[in-house]
Amino acid sequence: MALRELSSLEKFLGLKRLNKYSTQGERKIPVLQNNKGLSLVGLATISSNLVHEAKRRELLGDSAEQRAVVQQWLEYRLTRLDNCSKDEVKVILQELNQYLVDKVYLAGNGITLADMLMYYGIHHIVMELAVQQKEKYLNVTRWFDHIQHYPGVSHHLPPVVVLRNRVYPSSQL
């Protein structure tokens with residue numbers, strides 16, 4: 001999965017020279033062998049490097065505080081979201097839903113690397129949510145739908161249908 005995410009990120013960033021990746025270990029951690037002979041290991045490390053290569057540093061945050069928030073969400077993705085159990089999914093959705101109550105993006109006023117990598121990481125979860133669950137996590141659903149429609153973000157992922165109008169049981173009408 002991480003290799004497809006990196007490929008999509010390269011396309012989003014408009015990088016012409018597509019990199020070659022491999023994986024290591026049971027968890028298939030991505031590895032990039034750069035042209036200087038150095039290996040970069042890990043999704044967040046490689047993604048940040050790609051952003052620097054593309055000279056799109058705003059995707060890492062415009063201020064020191066935003067950069068810290070972006071790093072916080074990248075760490076959250078790798079430590080909490082990736083390989084979480086089904087029991088942890090509910091907690092993660094609740095935390096993310098609460099965080100997004102008054103936000104359009106995870107860090108600042110524009111899309112960042114945090115939004116893209118969290119979107120990639122949570123896609124399979126949101127795809128499996130029933131309509132009622134999407135309504136329960138309304139802020140996550142709103143954010144997710146916004147990011148999936150951001151130009152160039154979802155190259156390798158199928159779109160997720162998000163209903164724009166709330167659905168109420170006939171007993172509540």
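**View 1. Strands E2 and E3 pair up in this predicted model.** Here E2 and strand E3, which covers residues 39-41, sit side by side in the antiparallel sense, with three bridges holding the pairing. To find your way in, look for Leu32: its bridge partner in E3 is Leu40. Between the two strands of this hairpin there are five residues. Gly37 is the one to look for here, with a positive phi near 85°.

**View 2. On to the hairpin of E1 and E2.** Strand E2 (residues 29-33) also pairs with strand E1 (residues 21-24). Those two run antiparallel and are joined by four bridges. A handy landmark is Thr23, whose bridge partner in E2 is Pro30. Four residues lie between E1 and E2, and in the turn Gly25 has a positive phi of about 75°. While you're looking at strands, here's a general point: in a regular strand the side chains alternate between the two faces of the sheet.

**View 3. Lys55 has a positive phi without being a glycine.** Where does Lys55 sit? You'll find Lys55 in the loop that links helix H2 (43-53) and helix H3 (64-81). Its phi is about 55°. Is Lys55 buried or exposed? Lys55 counts as exposed, because its relative accessibility is 65% and the cut-off for exposed is over 50%.

**View 4. Asn83 is another non-glycine residue with a positive phi.** This close-up moves to the loop between H3 and helix H4 (86-99), where Asn83 lies. The phi of Asn83 is about 65°. With a relative accessibility of 61%, Asn83 counts as exposed.

**View 5. Val162 is tucked into the buried category.** Val162 belongs to the segment after helix H7, the helix that spans 138-148. Why does Val162 count as buried? Its relative accessibility is 16%, and buried means under 20%, so Val162 qualifies. Which residues does Val162 touch, leaving aside those up to four places away in sequence? They are Thr141, Asp145 and Gln148.

**View 6. Val162 and Glu65, shown together for scale.** In sequence, 97 residues separate Val162 from Glu65. In space, the pair is 32 Å apart, going from C-alpha to C-alpha. Glu65 is not among the contacts of Val162, which are Thr141, Asp145 and Gln148 once residues up to four places away in sequence are set aside.

Technical notes: Residues numbered from 1 in each chain as written. Predicted model: local features only at pLDDT ≥ 70, side-chain atom pairs only at ≥ 80, totals over all residues. Heavy atoms only, no water. Pairing = 2+ DSSP bridges. Buried < 20%, exposed > 50% of the residue type's maximum accessible area, 1.4 Å probe, protein only. Contact = heavy atoms within 4.5 Å.
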